[in-house]
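Subject: Structure handover and notes

Hello,

Here is the structure I promised. Please load it first, then read the notes below.

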Amino acid sequence: MKNLFLLFLAVTVSQAMGQSLTYTIDVTQNTDTFQVFIDVRQELPKTTKVFQFAATAPGTYQTQNIGRFVSGFKALNKKGKEIKTTFMAPNQYEISKPHKVKSIHYQVAETFDTQVSSYPVYMMCGSSIENDHTLINAHTVMGYFQGNQSEPLKIKVIGNPEWMTGTALEQEGEYFLAESFDHAVDSPILSGNLTRAETKVADTPVRIFTYSEQGKFDSESLLTNMKDMLQASQKFLVKLPVDRYTFLYYFLPNPSGTTGAWEHSYSSEYVLGEQEPTEQYMKQVTDIASHEFFHIVTPLNIHSEIIESFNFVEPTPSEHLWLYEGVTEWASNILLYRGGVTSFDEYVKNSIAQKILVNENYFDKSRSLSELAARSFTQEGAKQYGNIYYKGSLVAGYLDIRLLELSNGTRGLREVMLELVDKYGKGNPFSEKTFFDDLVKMTYPEIGDFIHDYIQNSEPLPHQEYLNKIGLNYTREGMKIQIRKMVNPTDQQKMLLEVWSKNLAL
Ligand SMILES: [Zn+2]
């Protein structure tokens, strides 16, 4: 009995230790390439034959094939001798004797300064090294042994010891701790000559780290501009679903690719052009931050099983992109209006009229939101993907109006979203297949028709009909759209406009 107990204990301890793969990422050797070293402490099973690099990453809806950036891949045994490995395009290395592996070594080129002929990686999802900083989005630098995606790991970054580091990861001495490969990917690391600022929203600490190549932006002024947005978000959500949050900003004057921002569970990463910080530009920056911050609701808390157990090997679309990105864009705009940060005129101009024009003039407006989702990982689909922020947001706005109408002004899309957070939440995905039906059951049969017409199919958007429901006049001459409050609305229209304009009390 005693022996068995000891044996059991010993096994548990060695397993726990073995699970901790340590990744050392050296950015001091040169300014284009990460040198990566993985210490394999416990013998890998003979079946762990594949070392995988990411084909895509959660929330990017983009094919990235990180295997393209990797070179010099080597597996070594305990004597330091090389074990045979074979590259299997696009993202895998097959290891002939995995049980003999003591360490893995490779170089991976930064995405910012590496030219590719197809599938360029969005900058906010990419990686960079220069003399004064590094940006590490883990899926662009690290890979994992297939079968080990959910094992804990440690990351050590060898950079300039003077650098400041921003990340949502916990730190233990010189190591960043991740519960899994997914967790590492969910937690970018920005290190370098940064500025830092901190505040609290209700009880939630919010930290900002900023790298600004020309020094035009700093964390304090970004925070000053974001404070009203953070308060408005908190009012909209009632209670923030996170206990801490980190904004990582990266500004550069001549971006080499697509800039923007990428959401994570406890942080978001922004790569933006370093223009003059005018009032208008700061407003745009805050609008983007509002969008990313709202992602803590969806997809991070409300998503299907396709997002929950993420497939880094094979890009797999979820039909509910309309929810993850369309509803998020709508919410991040209307919460600023309802919170008094933007005016009625600004809201209808930028978040309705402008979005109608972009949907019609820059994109194929006949493509449904479900199709946008289904094709986002293809080269052709990637060109239409951006419409999710325009058409997707408009559809979410009309869904809100329809819900307010059907509930007689008591329950709009915000209230339904908050119910969904309660019903699902972290670790409890909804069903990819039945979610539309479940949503109809939670709401009204008419919502089934709405989903059919405007999400799954592409009926012309009912701008006039829906805006009239809430007492707004919609007029249009060519590229000129005007949306104004009616002079003599009915009692019903007056009531709906009032509940549409504010957060309902809960
Ligand atoms: Zn988004």
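Start with Ala-202, which sits in the loop between β17 (195-201) and β18 (204-212). The model is predicted, so keep that in mind throughout. Phi of Ala-202 is near 50 degrees, a positive value although the residue is not glycine. Ala-202 counts as partly exposed because its relative accessibility is 49%.

Tyr-119 also has a positive phi without being glycine, here near 45 degrees. Look for Tyr-119 in the loop between β8 (103-109) and β9 (128-130). Its relative accessibility is 24%, so Tyr-119 counts as partly exposed. The cut-off matters here: buried means under 20%.

Zinc site

Which residues supply the protein donors of the zinc ion? They are His-291 and His-295, each through NE2, and Glu-325, listed twice through OE. These donors lie 2.0 to 2.7 Å from the zinc ion. Along the chain, the donors follow the spacing H-x3-H-x29-E. The pair His-295 and Glu-325 links distant parts of the chain, 30 residues apart. His-295 is in the loop between α5 (279-294) and α6 (305-308), while Glu-325 is in helix α7 (residues 321-338).

Why is the arrangement around the zinc ion irregular? The four donor atoms subtend angles of 53 to 145 degrees. To count as tetrahedral, four donors need all angles between 85 and 135 degrees. The range of 53 to 145 degrees goes outside those limits, so the arrangement is irregular.

Two of the donor residues have accessibility values worth noting. His-295 has a relative accessible area of 0%, so it is buried. Glu-325 is buried as well, with a relative accessible area of 1%.

The loop that holds His-295 has another feature. The peptide bond from Thr-298 to Pro-299 is cis, with omega near 10 degrees. Pro-299 is in the loop between α5 and α6.

Helix α7

Now the helix that carries Glu-325. How many of the residues of α7 are buried? The count is 18 of its 18 residues, and α7 is described as mostly covered. At 1.5 Å a residue, those 18 residues should span 26 Å. The end C-alpha atoms of α7 are 24 Å apart, which agrees. There is also a bend in α7, about 25 degrees, at Val-327. Just after α7, Gly-340 takes a positive phi of about 80 degrees.

Asn-333 is another residue of helix α7. Its relative accessible area is 9%, so Asn-333 is buried. What is Asn-333 in contact with, leaving aside neighbours within four places in sequence? The list is Thr-342, Tyr-347, Ser-351, Lys-355 and Ser-393.

Strands β9, β10 and β16

β9 and β10 form a hairpin, with two residues between them. They run antiparallel and are joined by three bridges. Glu-130 stands opposite His-133 in β10.

β10 (residues 133-136) also pairs with strand β16 (residues 189-192). That pairing is antiparallel, over four bridges. Leu-135 stands opposite Leu-190 in β16.

Are the faces of β10 covered or open? Both are covered. His-133 and Leu-135 lie on one side, Thr-134 and Ile-136 on the other, and all are buried.

The four-stranded sheet

Four strands form an open sheet, in the order β6-β7-β3-β11. The pairing in this sheet is antiparallel. Its edge strands are β6 (85-88) and β11 (144-145), each pairing on one side only.

β6 pairs with strand β7 (residues 92-95) in the antiparallel sense, over four bridges. Phe-87 stands opposite Tyr-93 in β7. The loop between β6 and β7 contains Pro-90. A cis peptide bond joins Ala-89 and Pro-90, with omega about 0 degrees.

Where to look

For a quick pass, go to the zinc ion with His-291, His-295 and Glu-325 as donor residues. Then follow α7 to its bend at Val-327. After that, check the cis bonds, Ala-89 to Pro-90 and Thr-298 to Pro-299. Finish at the positive phi values of Tyr-119 and Ala-202.

Best wishes

Conventions. Residues are numbered from 1 along each chain as its sequence is written. This is a predicted model: local features need pLDDT of at least 70, side-chain atom pairs count only at pLDDT 80 or more; totals for chains, interfaces and linings use all residues. Side-chain values use heavy atoms; hydrogens and water are left out. Donors are N, O and S atoms within 2.8 Å of the metal (3.2 Å for Na, K and Ca); water is not among the atoms, so sites may look incomplete. Four donors count as tetrahedral if all angles lie between 85 and 135 degrees; four count as square planar and six as octahedral if opposite donors are over 155 degrees apart and all others between 65 and 115; anything else is irregular. Buried means under 20% relative accessible area, exposed over 50%, partly exposed in between (1.4 Å probe, protein chains only). The expected span of a helix is 1.5 Å times one less than its number of residues. The bend at a residue is the angle between axes fitted to the seven residues ending there and the seven starting there. Two strands pair if DSSP finds at least two bridges between them. Contact means heavy atoms within 4.5 Å.
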